[in-house]
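Subject: Structure handover

Hello,

Here is the structure for you to look at. My notes on what turned up follow below it.

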Amino acid sequence: MNDIICLVDGNNMFASCELAFRPDLIGKPVVVLSSNDACCIARSYEAKALGIKMAQPYFEVRHFEKTHGLIAFSANFTLYTDISSRIVSILEGFTPHVAPYSIDESFCRFPPLTGMDLLKLGNDIRSTILTQTGIGTGVGISTTKTLAKLANNAAKKFPKTGGVVDLVTDEKRRERLLAVMEINEVWGIGKALNKKLRAMGIITALDLAKFGESAANSQFSVTLARTVSELNGIPALPWEDDIELNDQIIATRSFGEKIFDKETVIASLSYHVSRAVKKLRLQNAVAHSITIHIRTNANSKIDKQYSNSYTCRSSTPINDVVTFTKMAKAGLDEIWRDGFPYAKSGITLNEIESKNHLQEDLFASDDNHDEKKNDMQSVIESINTRYGLGAANVGSAKSGGNWQPKSENRSPNYTTSWADIPTIKAD
DNA sequence: TCTGGGGTCCTAGGACCC
DNA sequence: TCTGGGGTCCTAGGACCC
């Protein structure tokens with residue numbers, strides 16, 4: 001028998017996090033905005049009812065502020081990440097096998113115990129999370145990740161399910177569900193595949209399951225073949241129990257306004273480097289290369305367009321801000337062009353590996369630079385820990401600049417900052 | 001006027017080798 | 001005049017995800 005796999009995900013996660021601390025806004029249309037207050041990246045039920053789409057530019061829906069009392073929050077990822085890790089801890093109370101998939105969803109694995117009441121399990125998970133964090137969730141239960149995702153979609157789509165869909169206990173339910181879900185609702189089917197498959201008459205998830213693994217493999221790709229296999233109840237995706245290293249770490253931001261001068265772009269890159277390296281060091285890892293990217297606003301019809309990237313590689317693995325910042329500046333020298341209205345910059349750390357598995361480089365120069373760099377690194381880190389990321393930076397990098405994105409309505413860090421702990425008034 | 005940020009995996013094709 | 005076949009490795013870019 002196969003293991004039982006549950007997918008638990010937070011409903012309207014970011015909007016729910018805001019509402020958990022602002023119960024006065026429950027029942028109102030609420031959206032959470034991306035960096036630069038640009039797009040809607042989470043919507044309360046009432047905001048969805050207004051027809052606001054995922055990732056819709058805010059300027060297109062701002063008029064609802066006046067007509068329908070729409071409330072917009074700037075994204076507060078510190079808050080959402082903290083709530084997310086609390087939810088993961090709760091799930092770990094149900095099973096040791098929890099694999100967080102994104103900030104708002106986790107897979108949970110259970111051994112195939114016969115006689116376990118899976119519907120009750122799902123409901124217990126939901127009510128525990130709701131009581132302890134205030135976040136509503138949906139639970140999909142099956143024997144493969146893809147089916148658990150589909151069950152979870154169904155739990156959202158059909159309110160009658162009460163937020164839990166179990167495809168294990170009643171075998172026939174799987175086929176009935178596959179017949180009513182269309183392929184674009186299947187995990188792994190995006191725009192391109194949706195179009196091609198529909199042209200072949202494959203419309204429902206059941207059609208896709210019946211298409212067969214080998215046909216999917218020969219006519220499309222191994223990726224689609226795995227999806228087909230999983231829809232048929234045969235696990236084809238690995239279970240990640242361990243916390244793995246990232247393959248790459250990306251840090252990027254759009255600017256708050258158009259930027260023409262190189263110094264300001266350097267300042268932004270330096271900030272991105274310090275964020276990414278902080279993450280790298282938290283994983284006790286090192287990277288071998290850094291890619292920098294700069295670009296103008298691709299959506300603009302009037303701006304002169306330019307976009308480029310450059311990768312700098314080091315013969316020895318690195319995890320210090322000083323060296324990466326130098327490399328980023330050198331990379332920028334390679335691709336910088338004067339006269340363009342830059343809209344965005346970013347960096348990617350590549351070829352990441354654990355520091356523990358490192359082999360000594362026989363040809364590395366044997367001097368004391370590493371120690372000095374590490375001292376410098378610790379000083380920068382302690383300043384940033386105390387005064388906030390970006391307080392201390394390297395070289396000519398000014399942390400101020402005028403590149404920072406807008407974030408005009410950020411909520412307090414209720415759960416991670418003593419100064420922001422909510423107070424309760426008792427009248 | 002105003003269109004996000006952070007990831008993973010796969011594939012095709014070029015460079016290179018014998 | 002005639003110009004192979006098989007393999008590996010690497011990288012850029014596509015597709016997909018939340």
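Asp-82 and Arg-86 form a salt bridge through their side chains, with N and O 2.9 Å apart. The model is a predicted one, and the distances here should be read as such. The two residues sit in helix α4 (residues 77-92); because they are 4 residues apart, about one helical turn separates them. Asp-82 has a relative accessible area of 15% and is buried, whereas Arg-86, at 40%, is partly exposed.

Side chains of opposite charge can pair when their charged atoms come close. The count of salt bridges comes to 13. Two others are described here.

One joins Asp-9 to Lys-156, where the closest N and O atoms are 2.9 Å apart. This pair connects distant parts of the chain: Asp-9 belongs to strand β1 (residues 4-10) and Lys-156 to helix α6 (residues 145-157), 147 residues apart. Asp-9 is buried, with a relative accessibility of 6%. Lys-156 is partly exposed, at 42%.

The other is between the side chains of Arg-313 and Glu-351, at 3.1 Å from N to O. Here too distant parts of the chain are linked, with Arg-313 in strand β11 (residues 307-318) and Glu-351 in strand β12 (residues 342-354), 38 residues apart. Arg-313 counts as exposed, since its relative accessibility of 58% is over the 50% cut-off. Glu-351 has a relative accessible area of 37% and is partly exposed.

Now the DNA. Which part of DNA strand C lies within 4 Å of the protein, sugar or phosphate on the one hand, or bases on the other? Of the strand C atoms within that distance, 100% belong to sugar or phosphate. The strand is surrounded by 14 residues, and the closest are Ser-102, Asp-104, Lys-149, Gly-188 and Leu-193. By class, this surface is made up of 6 nonpolar, 3 polar and 5 charged residues.

Polar contacts to strand C include these:

- Ala-192: a polar backbone atom lies 3.0 Å from a phosphate oxygen of the strand.
- Lys-191: a polar backbone atom is 3.3 Å from a phosphate oxygen.
- Trp-187: an N or O atom of the side chain is 3.4 Å from a sugar or linking oxygen.

The elements that give two or more residues to the surface near strand C are β5 (98-102) and α8 (191-199). Of the elements, α8 gives the most, with 3 residues.

Regards

Note on methods
Residues numbered from 1 in each chain as written. Chains lettered and ligands numbered in written order. Predicted model: local features only at pLDDT ≥ 70, side-chain atom pairs only at ≥ 80, totals over all residues. Heavy atoms only, no water. Near = heavy atom within 4 Å. Polar contact = N/O pair within 3.5 Å; in protein donor to acceptor, adjacent residues only side chain to side chain. Nonpolar A, V, L, I, M, F, W, Y, C, P; charged D, E, K, R; others polar. Salt bridge = Lys/Arg side-chain N within 4 Å of Asp/Glu carboxyl O. Buried < 20%, exposed > 50% of the residue type's maximum accessible area, 1.4 Å probe, protein only.
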